[in-house]
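Me: I've got a structure I've never looked at before. Could you talk me through the reasoning behind some of the labels people put on it?

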Amino acid sequence: LLRWAAVYPASGLTLRQLPVEGLDTKWVEQRRGLITDLASALRPAPEGRTGRDLQALLGLARPPARARIRLLCPALRCQVGGLGDIEAPIDQLADLPITPRLAPVVENLDSGLALPHMPGAVALMKLGHAVGQLDHLPWLADARIAYWGDIDTHGFAMLDRARRALPQTESLLMDRDTLLAHRALWGEEPQPHPSRDLDRLNADERQVFDELTSGAWGARVRLEQERLPWALV
């Protein structure tokens with residue numbers, strides 16, 4: 001595999017298309033870490049791509065970023081043939097003929113699926129760090145964006161990314177009062193986010209982030225959004 005990638009460093013093929021004898025996608029997925037380590041030692045990742053990006057290291061096509069959305073408004077559903085729950089590549093969702101007034105961005109899928117009907121609203125669910133691609137959806141440009149993620153370092157990193165894409169993004173249930181009022185529901189964040197350069201957080205959000213990283217309430221404290229009582233949500 002590495003020898004082939006050295007000969008064809010920018011093939012643009014998918015993993016499934018690679019003409020390497022004995023190689024298949026399951027073989028690659030089971031050894032992804034090892035392949036990435038070896039490939040990154042042999043060639044640097046292209047500018048702007050992370051050194052852990054296997055597709056970038058091998059010159060392969062990247063799978064399109066996908067998003068799952070729920071049209072919470074009956075009028076908006078009528079504009080897309082009655083569909084209410086859609087998952088598709090973000091670039092295809094960009095072409096939807098809708099103009100929502102409100103867009104809750106909810107990291108936990110089950111929480112997003114439980115949201116009630118809301119006039120003029122579209123919910124975006126489980127984007128993870130791909131939340132930075134929200135600016136690819138032109139119908140969000142004039143909408144009110146309410147980001148709701150976990151109260152942990154990764155949650156605030158995703159909020160920062162969302163705000164970089166759409167500066168009008170507000171945070172929801174990611175504040176100090178919410179955290180301290182639900183101490184019995186705290187868990188432990190397995191691996192805190194490595195960066196502290198989150199300059200899109202407001203002062204209150206930044207304070208909570210700094211207190212989490214400094215261990216002000218204990219080591220690796222997190223409050224996952226799916227633990228919050230639904231009545232509060």
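Here's a short chat about cores and pockets in this predicted model.

Me: What makes Leu-137 count as in contact with residues beyond its sequence neighbours?

Reply: Contact takes heavy atoms within 4.5 Å. Leaving aside neighbours within four places in sequence, Leu-137 is in contact with Ile-90, Leu-93, Ala-94 and Leu-124, so each of those has heavy atoms within that cut-off.

Me: And which residues touch the most other members of the largest nonpolar core?

Reply: Leu-137 is one of them, along with Ile-69, Leu-124, Leu-134, Leu-140 and Phe-156, in a core of 53 residues. Being in a nonpolar core means they're buried and joined to it through side-chain atoms within 4.5 Å. Several elements, including strand S1 (66-71) and helix H10 (203-214), supply at least two residues each, and H8 gives the most, with 6. Apart from this core lies another, of 13 residues, with Val-28 and Leu-54 among them.

Me: How do you know what kind of residues line the second largest pocket?

Reply: The lining includes Leu-102, Pro-104, Met-118 and Trp-148. Leu, Pro, Met and Trp count as nonpolar, so those four go in that class. The full split is 11 nonpolar, no polar and no charged. S3 gives the most to this lining, with 3 residues, and the pocket holds about 200 Å³ of space.

Me: How does the lining of the largest pocket divide?

Reply: That one has 7 nonpolar, 6 polar and 7 charged residues. Arg-62 and Gln-133 are among the closest to its centre; Arg counts as charged and Gln falls among the polar ones. The volume is about 450 Å³.

How values were computed. Residues are numbered from 1 along each chain as its sequence is written. This is a predicted model: local features need pLDDT of at least 70, side-chain atom pairs count only at pLDDT 80 or more; totals for chains, interfaces and linings use all residues. Side-chain values use heavy atoms; hydrogens and water are left out. Buried means under 20% relative accessible area, exposed over 50%, partly exposed in between (1.4 Å probe, protein chains only). Helices (H or I, at least four residues) and strands (E, at least two) are DSSP runs, numbered from the N terminus. On a 1 Å grid over the protein atoms alone, a cavity is a set of points where a 1.4 Å probe fits but cannot get out, and a pocket is an open set with protein on both sides within 12 Å along at least five of seven lines; lining residues have an atom within 4 Å of a point. Grid points are joined across faces, edges and corners, and a volume is the space filled by probe spheres set on the points.
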